[in-house]
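User: Please take one part of this model and look at it closely, in full sentences that a first-year student can follow. After that, please place it among a few other parts of the chain.

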Amino acid sequence: MTVPRLNNPPAPLHPVRVVSARTGLSPDVLRVWERRYRVVQPVRSEGRQRLYTDGDMERLRLLANLTANGRSISQLAPLSTDRLQALTTEDGAPTVGVMPRGRRSALVPGSAESVVALALNAIEQFDSQHLDQILRKAALRLGTDDMLDHVIAPILLEVGERWHRGTFIPANEHLASAVIRTTLAWMSDQSVTDPTATTAIVGTPVGQTHELGALIAGAIAVSRGWRVIYLGANLPPEDFVRAVARTNAKAVALSVVYPTGDPTLRAALKYLAAGLPPTVALVLGGAAAADYARPLGRRATVLQRPADFREWLELSR
Ligand code: B12
């Protein structure tokens with residue numbers, strides 16, 4: 001019997017939703033990687049929807065695995081797909097997303113809750129490399145907002161609780177803080193930052209060594225299109241004033257966590273509030289912020305919830 005010859009139908013193209021589900025990259029990350037690094041160039045449907053080929057999908061899957069293994073997207077983006085494939089073989093498959101052997105979980109795999117459980121397990125085991133992979137992979141899949149609100153903040157809260165109860169020793173907390181610090185810096189680096197964008201100076205004031213709230217605030221601001229100048233922890237007020245004068249920043253956002261009632265910090269914030277131009281906003285967040293903001297009256301804005309900060313950033317740009 002002769003089989004009639006058919007012309008090969010064109011390979012189907014895939015919409016963002018399908019690419020995101022298959023590669024584990026959130027639509028936000030896909031957009032940023034395309035705009036900033038031109039990792040693939042999807043075609044457009046008649047309705048202007050982005051459509052991806054099988055080749056694009058494979059390239060994105062390789063990039064997702066390699067970045068989750070710790071490589072930087074800016075270095076990977078120019079490489080050919082064959083080279084990415086070779087690197088993937090050299091690096092070995094990432095172990096992220098897999099529950100440790102012998103543990104059974106009722107959590108939905110890939111959900112923020114299950115990422116938190118895996119991360120806490122890695123912290124308990126002192127496995128910083130695995131923790132780093134878990135967090136990078138989750139950030140790529142969940143996007144910045146969910147990652148910060150439903151993964152990073154709950155992990156830090158639980159680390160604090162376990163440390164307080166004595167089930168985690170200070171070394172567990174230090175390991176978690178060190179890895180999360182790197183993850184937050186890397187997340188900010190994944191977002192498009194326009195050098196002409198409205199600028200915020202972010203850090204913690206003198207005496208405040210808890211730095212992660214400031215890093216979280218910085219990552220939120222970057223995700224809302226602000227340019228962030230991150231000055232780290234424990235900075236005297238005159239340095240914030242000088243930095244604002246040299247950068248034309250429109251806001252200073254500080255994290256104030258512990259302790260309350262420090263007279264040095266009270267005086268520093270008073271100096272800062274008086275030294276900043278009136279057009280520059282002073283935003284305070286963190287568990288101790290309200291205590292220090294009270295004497296500053298309307299000069300300081302206290303914002304705690306990430307959702308409120310996001311709204312403020314969008315309105316103040
Ligand atoms: C990591 C950590 C440390 C690390 C910090 C490492 C680092 N480089 O940052 C180290 C080891 C240094 C540390 C030291 C101490 N710590 Co500590 N630490 C923590 C831990 C686990 C996480 C803190 C953190 O970064 N949180 C950041 C975010 C996720 O949480 P958050 O502050 O609530 O912020 C949220 C909002 O307020 C908001 N936000 C925060 N900042 C900002 C800023 C802006 C602009 C905006 C808009 C929003 C915003 O966003 C966050 C997300 O929703 C907490 C536990 C916890 N529950 O937070 C304890 C905790 C804060 N530490 C505590 C204590 C007691 C200490 C020490 C005194 C311990 C000791 N005996 O030495 C010292 C004090 C050091 C000092 N001089 O300040 C207590 C504080 C208790 C209190 N409030 O009375 C806590 C709550 C632990 C506990 N349960 O007992 N700590």
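Analyst: A crossover between two strands is called right-handed if, with the strands pointing away from the viewer, the path from the first strand over the helix to the second runs clockwise. In this predicted model, that description fits the unit made by β6, helix α12 (residues 263-275) and β7, which is a right-handed β-α-β unit. The part to look at closely is therefore strand β6, residues 251-255, where five of the five residues are buried, so that the strand is largely enclosed by the rest of the structure.

The burial can be followed face by face. In a regular strand the side chains alternate between the two faces of the sheet. For β6, Ala251, Ala253 and Ser255 lie on one side while Val252 and Leu254 lie on the other, and all of these are buried, which leaves both faces covered.

The pairing of β6 comes next. Strands of a sheet pair through backbone hydrogen bonds, either parallel or antiparallel. Strand β4 (residues 199-203) is joined to β6 by four bridges and runs parallel to it, and within this pair Ile201 has Val252 as its bridge partner. Strand β7 (residues 281-285) also pairs with β6 in the parallel sense, here over five bridges, and in this pair Ala253 stands opposite Val283.

After β6 the chain enters the loop that leads to α12, and Pro259 lies in that loop. The peptide bond joining Tyr258 and Pro259 is cis, with an omega of about -5 degrees.

Elsewhere in the chain there is a sheet with antiparallel pairing: it is open, and its three strands have the order β1-β3-β2. Its edge strands are β1 (14-15) and β2 (43-44), each of which pairs on one side only. Between β2 and β3 (residues 50-52), which run antiparallel, there are two bridges, and Val43 stands opposite Leu51 of β3.

The loop between α2 (27-37) and β2 holds Arg38, which has a positive phi of about 50 degrees although it is not a glycine. Arg38 counts as exposed because it has 10 C-beta neighbours inside 10 Å. Beyond four places in sequence, Ala77 is in contact with Arg38 as well as with Tyr37 and Val39. Ala77 itself sits in the loop between α4 (73-76) and α5 (81-91), and with 15 other C-beta atoms within 10 Å it is partly exposed.

A pair of helices can be described in a similar way. Two packed helices are described by the angle between their axes and the distance between the axes. For α8 (residues 144-165) and α10 (residues 212-223), the axes come within 11 Å and cross at roughly 175 degrees, which makes α8 roughly antiparallel to α10. On the α8 side the contact is made by Thr144, Asp145, Leu148, Ile152 and Leu156, and on the α10 side by Leu212, Ile216, Ala219, Ile220 and Ser223.

A last point concerns confidence. The chain has a mean pLDDT of 89, and 90% of its residues reach 70 or more. Over residues 95-105, however, pLDDT stays under 50, and the model has 13 contacts beyond four places in sequence for that stretch. Where pLDDT is low, the predicted coordinates should not be read in detail.

Methods:
Residues numbered from 1 in each chain as written. Predicted model: local features only at pLDDT ≥ 70, side-chain atom pairs only at ≥ 80, totals over all residues. Buried ≥ 20, exposed ≤ 12 C-beta atoms within 10 Å, placed from the backbone. Contact = placed C-beta atoms within 7 Å. pLDDT = per-residue confidence, 0-100. Pairing = 2+ DSSP bridges. Axes fitted to C-alpha atoms, helices over the stretch in contact; angles between N-to-C directions. Parallel < 35°, antiparallel > 145°, perpendicular 65-115°, else oblique.
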